[in-house]
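Work through the exercises below with the model open. Try each task before reading its solution.

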Amino acid sequence: MATQVVVIPYSIPKKYSRFSMLAWANNLLKTNFTDVQQMGSGACHCQIMDCVVPGSIDMTKVKFDAQGEDDCKHNFRLLHEAFSKNDITRTIPVDQLIMGDFKSNFEFLKWFRGFYKANVKSLEYDPGDLS
């Protein structure tokens, strides 16, 4: 069984606008976010991680309808476990993301875009197939 080598981006271009980041995430995930702060539940990050490293997160455990802080923390715990399993040392600023801090959400999404671009060679991700 071959193991996947995960490339971790260390430098992320600063040229991305929040609009281009939203367009990228919405296109990839087939969502309709209008602001990066709406991504603070962690569900979209879990989906991107599943896209980059398929099977790294049990998507049936992700709470897409996260109603409160506990649900969001649950999603970020799943993401942290996936990071650990793949030797990704990126710190997840959970509290700032959940609180809707623009800078934290924007920077984390930029990192995820770099992570995606460094690792994904196929554009065949179906966010509707979460089995």
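The exercises go from the whole chain to single residues. The model is a predicted one.

**Exercise 1. Fold content**

Task: State how many helices and strands the protein chain has, and give their order.

Solution. Count the elements: the protein chain has five helices and zero strands. Then read from the N terminus: the order is α-α-α-α-α.

**Exercise 2. Burial, contacts and surface**

Task: Find the buried share of the protein chain, the share of long-separation contacts and the accessible surface.

Solution. Start with burial. The chain has 131 residues, and 48% of them are buried, with under 20% relative accessible area as the cut-off. Next, take the contacts with a separation of 6 or more: 62% of these join residues 24 or more positions apart. Last, the surface: about 7,600 Å² is accessible, and carbon and sulfur atoms supply 51% of that.

**Exercise 3. Lys30**

Task: Locate Lys30, give its phi, and decide whether Lys30 is buried or exposed.

Solution. Recall the background: most residues other than glycine have a negative phi. Lys30 has a positive phi of about 55 degrees, though it is not a glycine. Now place Lys30: it sits in the loop between helix 1 (18–29) and helix 2 (43–52). Its relative accessibility is 60%, so Lys30 counts as exposed.

**Exercise 4. Asp87**

Task: Repeat the steps for Asp87: phi, location, exposure.

Solution. Asp87 is not a glycine, and its phi is positive, near 55 degrees. The loop between helix 3 (69–85) and helix 4 (94–99) holds Asp87. Exposed means over 50%. Asp87 reaches 64% relative accessibility and therefore counts as exposed.

Conventions. Residues are numbered from 1 along each chain as its sequence is written. This is a predicted model: local features need pLDDT of at least 70, side-chain atom pairs count only at pLDDT 80 or more; totals for chains, interfaces and linings use all residues. Side-chain values use heavy atoms; hydrogens and water are left out. Helices (H or I, at least four residues) and strands (E, at least two) are DSSP runs, numbered from the N terminus. Buried means under 20% relative accessible area, exposed over 50%, partly exposed in between (1.4 Å probe, protein chains only). Contact means heavy atoms within 4.5 Å. Accessible areas come from the Shrake-Rupley method with a 1.4 Å probe; for residues, only the protein chains shown count as cover.
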